[in-house]
Amino acid sequence: MGPAGDTARPGRFFGVYLLYCLNPRHRGRVYVGFTVNPARRVQQHNGGRKKGGAWRTSGRGPWEMVLLVHGFPSAVAALRFEWAWQHPHASRRLTHVGPRLRSEAAFAFHLRVLAHMLRAPPWARLPLTVRWPRADFRRELCPPPPPHMPLAFGPPPARASARGSRSGPSADAAAACALCARSFQEEEGPLCCPHPGCCLRAHMICLAEEFLREEPEELLPLEGQCPGCKNSVLWGDLIWLCQVGTEEEEEDLELEEEHWTDMLET
């Protein structure tokens with residue numbers, strides 16, 4: 001496996017969360033949402049509509065974020081996951097999931113849906129992490145997540161600074177792909193091996209093809225052997241290192257989060 005663990009990592013954060021209502025009058029209610037900043041999003045929900053929360057959670061707090069799925073490659077991928085989790089009956093990928101039973105709590109039903117989502121394409125091959133911010137809410141998912149999706153506990157680790165986070169030589173020293181020898185274009189960032197001392201820099205498509213030699217029918221790798229240092233690397237770790245954003249981009253993502261929340265609730 002790659003060297004990355006539950007520590008500070010560079011890159012943008014895209015997550016889909018499950019809130020649980022602790023208010024005795026509404027206890028047991030749940031809410032599914034998308035976020036780029038989990039801690040801030042919980043504060044907004046508990047602050048009501050005036051603080052940026054959703055109308056479905058406003059005035060019913062306190063809410064607790066009890067489950068978080070993160071590691072999506074883009075905001076669009078996370079938003080599609082959010083929609084399917086909210087509307088499993090309308091998703092063509094979840095037709096095998098039965099409707100909520102009369103005796104089934106909302107929390108249990110959403111966990112049942114999530115378990116099947118993590119095993120269904122295209123989500124089954126994404127480099128996701130299933131995180132339980134509160135361990136006392138943890139339940140075993142059935143079916144369990146794929147082996148490449150780790151379980152984590154507690155709040156997500158802080159993101160590392162984007163500057164100087166990539167390993168390997170500078171762009172001037174390695175301006176060409178190690179696999180095809182073609183130069184990198186300005187709009188495409190190379191994938192860099194996360195292992196210390198490895199200088200591999202490659203086009204995303206080149207490295208994906210290298211990792212998928214034994215799985216030619218697949219489009220997205222799970223992991224592979226670095227052609228440079230020969231160590232095993234998770235595809236998700238490579239994507240995390242490639243998705244290094246500026247502070248301005250992070251602010252734009254937070255505004256996008258609020259925009260989509262408003263759009264979906266009107």
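**Notebook: helix pair α2/α3 and the cores**

I looked first at how α2 passes α3, and the crossing is right-handed. I note that the model is a predicted one.

The contact on the α2 side comes from Phe81, Ala84 and Trp85. On the α3 side I listed His110, Val113, Leu114 and Met117. I sorted the contact by class and got six nonpolar residues, one polar and no charged ones.

Next I took the geometry of the pair. Helix α2 covers residues 75-86 and helix α3 covers residues 106-117. The two pack at an angle of about 135°, and their axes are 10 Å apart. Oblique is the class for angles that are neither under 35 nor over 145 degrees and not from 65 to 115, and α2 and α3 are therefore oblique to each other.

I then asked which residues have the most contacts inside the largest nonpolar core. They are Leu18, Leu67, Phe72, Phe81, Trp85 and Phe107, in a core of 39 residues. Two or more residues each come from β1 (15-21), β2 (30-35), β3 (63-70), α2, α3 and β4 (129-132). The element that gives the most to this core is α3, with eight residues.

I followed Trp85 further, leaving aside its neighbours within four places in sequence. Trp85 is in contact with Val16, Tyr17, Leu18, Val32 and Leu67, and also with His110, Val113, Leu114 and Met117. Phe81 and Trp85 appear both in the helix contact and among the core residues with the most contacts.

I also found a second, separate core of 16 residues. Among its members are Cys177, Cys206, Leu207 and Cys226.

I turned to the loop between β1 and β2, where Asn23 lies. Is Asn23 buried or exposed? Buried means under 20% relative accessible area; Asn23 has 13%, so Asn23 is buried. Outside its neighbours within four places in sequence, I listed Arg60, Gly61 and Pro62 as contacts of Asn23.

In helix α1 (residues 38-47) I recorded Pro38, Arg40, Arg41, Val42, Gln44 and His45 as buried. Gly48 follows α1, and its phi is positive, near 90°.

Last, I took the totals. The protein has six helices and nine strands. Of its 266 residues, 46% count as buried. Of the contacts with a separation of 6 or more, 64% are between residues 24 or more positions apart.

How values were computed:
Residues are numbered from 1 along each chain as its sequence is written. This is a predicted model: local features need pLDDT of at least 70, side-chain atom pairs count only at pLDDT 80 or more; totals for chains, interfaces and linings use all residues. Side-chain values use heavy atoms; hydrogens and water are left out. Axes are lines fitted to C-alpha atoms, for helices over the stretch in contact, and angles run from 0 to 180 degrees between N-to-C directions. Helices (H or I, at least four residues) and strands (E, at least two) are DSSP runs, numbered from the N terminus. A crossing is left-handed if the near helix is turned anticlockwise from the far one by less than a right angle, and right-handed if clockwise. Contact means heavy atoms within 4.5 Å. Ala, Val, Leu, Ile, Met, Phe, Trp, Tyr, Cys and Pro count as nonpolar, Asp, Glu, Lys and Arg as charged, and the others, Gly among them, as polar. A nonpolar core is a set of buried Ala, Val, Leu, Ile, Met, Phe, Trp, Tyr and Cys residues joined through side-chain atoms within 4.5 Å. Buried means under 20% relative accessible area, exposed over 50%, partly exposed in between (1.4 Å probe, protein chains only).
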